[in-house]
Amino acid sequence: MPAGQRASRPSTDALRAPDRSRLYEQLAARLLDYVEITGLRVGDRLPSERDLAEALQVSRTSVRQATIALEVRGTLEVRHGDGIYLRSLPNDSGHLMELMTARHRLPAILEAREALETQLATLAAARRTAADIAVMEQALDAMAADIGAGGLGEEGDRLFHEAVTQAAGSPLLADFMAALAVPISETRRSSLGEPGRPPLSLRAHRRILEAIRRGDAAGARRAMRHHVKMVADIGLLRWAAAEPGGADNPGGSRAGSAASS
């Protein structure tokens, strides 16, 4: 068992509080410094979210945003109910290649989401039942409660999209969505991890629900398309757009269009 996993409360002595501008980025940089200063190895556990927040003198929400940013980059792994673990060293070229692969795969995943989910929303508006609407409402209530408690609303988000798929009544499209479940969950977590994103996402989901509730197929399609465009506005794709020639690659152009939608 790695040394980091043996200690129940790892020391936070090497951490210091950051300035407040661009806070989550500064926190991510502090955590990378901490990894190097303390000599953590891959598989070791970092201090808990609570301990990190106390040591850095910031909220747990800010720490969560920073750890998610590093998780998206492949440096950390956040195991719910277990802790935060070092997945790769900051200068690990192997994980950098994994990150590059993920970055170039994201636009294709988002294209598939837009194609499938806009059609599912359209069908759901035409075929929904009162029971379907009730399940969607419950999912968004769960999402709102989680966000209100400082979470990201991931589970409610997932349940809402499952309810839309169920309401659409298309077994083949449901199979396609099931096949994409893992990459879709990656885009969901990346999007909800953006600072300030969860409440915006909740409002977008409510617009989708209202269009489906009133049977407005065209409105449901537009609302779902707007939502997926927002999902596409994530740091990993903005990084691609910022690179030389980024505007010419799929990731760069998509991130730019999402930001302006």
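**Helix contacts and salt bridges**

Arg-189 is buried, and Glu-71 is buried as well. In this predicted model, the side chains of these two residues, Arg-189 and Glu-71, meet in a salt bridge with a distance of 2.8 Å from N to O. Because Arg-189 belongs to helix 9 (residues 181-192) while Glu-71 belongs to helix 4, the pair ties together parts that are 118 residues apart in sequence. As background, side chains of opposite charge can pair when their charged atoms come close.

Helix 4 also takes part in a contact with another helix. The axes of helix 2 (residues 23-38) and helix 4 (residues 60-72) come within 8 Å and cross at roughly 65°, and the two helices are therefore roughly perpendicular to each other. The crossing in which helix 2 passes helix 4 is right-handed. On the side of helix 2, the residues that meet helix 4 are Leu-23, Tyr-24, Leu-27, Ala-28, Leu-31 and Leu-32, and their counterparts in helix 4 are Ser-62, Val-63, Gln-65, Ala-66, Thr-67, Ala-69 and Leu-70. Sorted by character, the residues of this contact comprise ten nonpolar, three polar and no charged.

A second helix pair can be followed in the same manner. Helix 7 (residues 154-168) and helix 10 (residues 197-213) have axes that come within 12 Å and cross at roughly 20°, so these two helices are roughly parallel to each other. Helix 7 passes helix 10 in a left-handed crossing. Here the contact is made by Asp-157, Phe-160, His-161 and Val-164 from helix 7, together with Ser-201, His-205, Ile-208, Leu-209 and Ile-212 from helix 10. The residues of this contact divide into five nonpolar, three polar and one charged.

Helix 10 leads back to the salt bridges, of which the structure holds 15. One of them joins Glu-137 and Arg-213, whose closest N and O atoms are 2.6 Å apart. Since Glu-137 lies in helix 6 (residues 130-148) and Arg-213 in helix 10, this pair ties together parts that are 76 residues apart in sequence. Glu-137 counts as partly exposed because its relative accessibility is 30%, and Arg-213, at 32% relative accessibility, also counts as partly exposed. Elsewhere, salt bridges that share partners join Glu-49, Arg-60 and Arg-64 into one network.

A further salt bridge is formed where the side chains of Asp-82 and Arg-79 meet, at 3.9 Å from N to O. Asp-82 counts as partly exposed, with a relative accessibility of 38%, and Arg-79 is partly exposed too, its relative accessible area being 30%.

How values were computed. Residues are numbered from 1 along each chain as its sequence is written. This is a predicted model: local features need pLDDT of at least 70, side-chain atom pairs count only at pLDDT 80 or more; totals for chains, interfaces and linings use all residues. Side-chain values use heavy atoms; hydrogens and water are left out. Axes are lines fitted to C-alpha atoms, for helices over the stretch in contact, and angles run from 0 to 180 degrees between N-to-C directions. Helices (H or I, at least four residues) and strands (E, at least two) are DSSP runs, numbered from the N terminus. Angles under 35 degrees count as roughly parallel, over 145 as roughly antiparallel, 65 to 115 as roughly perpendicular and the rest as oblique. A crossing is left-handed if the near helix is turned anticlockwise from the far one by less than a right angle, and right-handed if clockwise. Contact means heavy atoms within 4.5 Å. Ala, Val, Leu, Ile, Met, Phe, Trp, Tyr, Cys and Pro count as nonpolar, Asp, Glu, Lys and Arg as charged, and the others, Gly among them, as polar. A salt bridge is a side-chain nitrogen of Lys or Arg within 4 Å of a carboxyl oxygen of Asp or Glu. Buried means under 20% relative accessible area, exposed over 50%, partly exposed in between (1.4 Å probe, protein chains only).
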